[in-house]
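Work through the exercises below with the coordinates open. Each task is followed by a stepwise solution.

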Amino acid sequence: MRNALRCLVAVLSTVFVLAGFAWSSGNRLTPVPVSILMPAPFADASKELVNRFNREHQGKIELTINRGPLETESISDLAISSLLLGDAPFDALMMDVTWLPKYVAAGWLEPLDRWFDSSDSEQLVQGARLGNRFENHLYRWPLVADVGVLYWRTDLMDVPPSTPDQLRSVALNLVQSSRVANGFVWQGRQYEGLSCDFVEVLHGFGGAWMSADQASTTLDTPAAKKAAAWLDSLIRDGASPRAVTNYAETESLQAFKAGDAAMMRNWPYAWAELQKPDSAVRGKVGITLMPAEQGEKPAATLGSWGISLLRESPHPEETVEAIRFLTSETSQRERFLDYGYTPTAEALFTDPELLAVSSALPDVRRALNHAVPRPPTPIYAQLSDVLQRQLNGLFTSGGSATETMDEAQIRSETLIRSAGGMA
Amino acid sequence: MALIFGWPLLRYAWLSGHADSVLTGLVPVANGGANWLRLLSDQRFWVDALQTARFGVVSVGIELILAMAIALLLDQRWRGRGAVRALTLMPWALPTTMMALGWRWIFNTPYGPIEQLAGSLGAGPLNLLSAPSLTWLVTVLADVWKTTPFIALILLAGLQTIPDDLYGAFRLEGGTSVQALRRITLPLLTPYILLSLLFRLAQAFGVFDLIQVLTGGGPAGSTESLALYAYLNAMRFLDFGYSATVMLGGFVLLMALIGLGALILRLSGLIRPLQT
């Protein structure tokens, strides 16, 4: 007994002495501090990863994640305010895909070409390769892939609609036969989500937001007018509830999750929500692409978040090491298994372990192969603002789709002209 | 005063004479009066100015009437008055953004209580947040709910400065309580009314957080305020030169409105009690 005690004391004191050594040697090498600003959900999903990174880089790099606000717009406000003050308190920034050209034009980002090459890009799924470059430089490395998809109820239809006409008639039939309260819910509120939805419909009708040379907008084309008229007809005929004109993602998901809608346009994150025990449609949901007219390619608006290196960062090498770690295949696997974030590595979409968790993964991948970015220009926010106001005006105040889109085109052209071209 | 008010104003004035946007790499470049010319022909600025004025005047007007009633009630002696006085301040103490989120759910179609009530009465979906002609009234309602207590508090403080003997003497001479309200209370309360009007109008013209959270300026831009437009220009479009111009333009309009209000008050003789 006494021997055992003596042994224990000896072991304990050795441990303490060793720990002491480790501590003091750790102190001698002050680690390089690296900090990255992320929206709250991503920061929370990175906790374990950050701990592991810091263990692996003990004494060399100390990574901290600044937990920003939840909403995309709030995190952009926070980032911009700190960047305007010059001396940003972080080295890298989690970026939404639409911010990139604006931030590059403002001179806030450092190109990543030195660190990532084509062999890195080839690992990525098609949709994750888009939206990271501007003016021939790489400015962002993707952390999660994201595209718009169509959710449909497997208990209300055998196959999902594939053309706009089908979608409309399926929704109308289901509503008129009182099998479901609402046909198709989407994002019609005057905000960025409306632009995202419209891009998908627009491409489905064979149109595009910008001309092929990216020099001007093409919102007054017959395809664009058809797209606007189709969305408007959904509301007028009752295929979509009038309330979608004030719906963002949350409201659409709420209606669909409660079993009050036959179809929903949303992002892949909704899948995990719909499989929760409190969901009325658990196990009754499929994912597909938004509809397209016969002969046109269906489109999925590119969302996605990635990390950008800030020009002001005093430690670019260490920051890139942290970016590499956080976006590695291993990290993506963990982020998917623990939090449901869509991976960016092509290989993970066929990984049996991941497929066992989400049967929707192949459908999301298919959508990622149809990803369409929003116009990559520094004045994107203004262009999108014009489109949102015009479309929401059409849905809520009436008028014709033709006039609406003609006006959208005129206002967009004015904007582009006053900006001296598309930059 | 010069430091916290004058300096930013001067800075805005300076910025409004410059192009300072993402297109200039955020470097201010003097562009003469281009921003101001753009403002004059910017239909959206004028529409927003009108919408802001409509919001401010209507909500402050309703608030003043309600607050007067509340203040008169809270000035009487009755059991539990202290607790009610504290309770009425609750909406004022709540953060605007949280309150706006609450309203957004209250008016949610179809799950919010308003729609549920309308549905059970057979009135169908009202879609109050999707009707450009009505949604601004929802923003007014939210604002009235939140800031009426503020005016009530100022008016209550005013009421308590009026000595009770005045009312006693008035009653002895055979005056009714309605006459007392008109002859004693209102004239003596005028400085307080004007003070709260000034506070609230200035505040209402700068309305931002309520609108941003409740409607985002929609539907179809029908609830967008000048502050929201200035914010969009600065933080979304990174166009600081024009944002400053919008802010300053709004400020000039507000000053003009207040000046006009003061002129009307002076001409109608209402402002006299202030000078005595």
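**Exercise 1. Follow a set of linked salt bridges.**

Task: Classify A:Glu273 and A:Lys276 by exposure, then find what joins them.

Solution.
- Step 1. A:Glu273 has a relative accessibility of 23%, so it counts as partly exposed.
- Step 2. A:Lys276, at 37%, is partly exposed as well.
- Step 3. The two form a salt bridge, and their closest N and O atoms are 2.8 Å apart. The model is predicted, and this distance is computed from it.
- Step 4. Next take A:Lys257 and A:Asp278, whose side chains meet in a salt bridge at 3.4 Å, N to O.
- Step 5. Locate this pair. A:Lys257 sits in helix α10 (residues 249–257) of chain A, while A:Asp278 is in the loop between α11 (269–274) and β10 (285–288), so the bridge ties together parts 21 residues apart in sequence.
- Step 6. Check accessibility. A:Lys257 is buried at 14%, whereas A:Asp278 is exposed at 57%.

**Exercise 2. Cross the chain boundary.**

Task: Which residue of chain A meets B:Arg44 in a salt bridge?

Solution.
- Step 1. The partner is A:Asp385, with an N to O distance of 2.5 Å.
- Step 2. The pair crosses between chains: B:Arg44 belongs to helix α3 (residues 43–75) of chain B, and A:Asp385 to helix α16 (residues 380–397) of chain A.
- Step 3. Both B:Arg44 and A:Asp385 are buried.
- Step 4. Return to the earlier residues. Salt bridges with shared partners join A:Lys257, A:Glu273, A:Lys276 and A:Asp278 into one network.
- Step 5. Put this in context: the count over all chains is 29 salt bridges.

**Exercise 3. Place the nonpolar core.**

Task: Where does the largest nonpolar core lie relative to the two domains of chain A?

Solution.
- Step 1. Start with the division of chain A: domain 1 covers 29–146 + 303–372, and domain 2 covers 149–301 + 377–418.
- Step 2. The centres of these domains, taken over C-alpha atoms, are separated by 28 Å. In the contact between them, 18 residues of domain 1 meet 19 residues of domain 2.
- Step 3. The largest nonpolar core has 165 residues, and A:Tyr103, A:Tyr151 and A:Phe198 have the most contacts inside it.
- Step 4. Helix α9 (residues 222–237) of chain A supplies the largest share of this core, 8 residues.
- Step 5. Both domains of chain A give residues to the core, so it lies between them.
- Step 6. Inspect A:Phe198. Beyond its neighbours within four places in sequence, its contacts include A:Leu219, A:Ala224, A:Leu231, A:Leu387 and A:Met405.
- Step 7. A second, separate core has 19 residues, among them B:Ala67, B:Ala152, B:Leu155 and B:Ala180.

**Exercise 4. Contrast two residues.**

Task: Are A:Gln409 and B:Ile4 buried or exposed?

Solution.
- Step 1. A:Gln409 is part of helix α17 (residues 401–418) of chain A.
- Step 2. Its relative accessibility is 3%; buried means under 20%, so A:Gln409 is buried.
- Step 3. Leaving out residues up to four places away in sequence, A:Gln409 touches A:Thr217, A:Thr218, A:Leu219 and A:Asp220.
- Step 4. B:Ile4 lies in helix α1 (residues 2–15) of chain B.
- Step 5. Its relative accessible area is 69%; exposed means over 50%, so B:Ile4 is exposed.
- Step 6. B:Ile4 joins B:Met1, B:Leu3 and B:Phe5 in a nonpolar surface patch of about 550 Å².

Key:
Residues numbered from 1 in each chain as written. Chains lettered and ligands numbered in written order. Predicted model: local features only at pLDDT ≥ 70, side-chain atom pairs only at ≥ 80, totals over all residues. Heavy atoms only, no water. Patch = residues over 30% accessible without salt bridge, like charges linked within 9 Å, V, L, I, M, F, W, Y side chains within 5 Å. Areas by Shrake-Rupley, 256 points an atom, 1.4 Å probe, with all protein chains shown as cover. Salt bridge = Lys/Arg side-chain N within 4 Å of Asp/Glu carboxyl O. Helix = DSSP H or I, 4+ residues; strand = E, 2+ residues; numbered from the N terminus. Buried < 20%, exposed > 50% of the residue type's maximum accessible area, 1.4 Å probe, protein only. Core = buried A, V, L, I, M, F, W, Y, C linked by side-chain atoms within 4.5 Å. Domains from an automatic or database assignment. Contact = heavy atoms within 4.5 Å.
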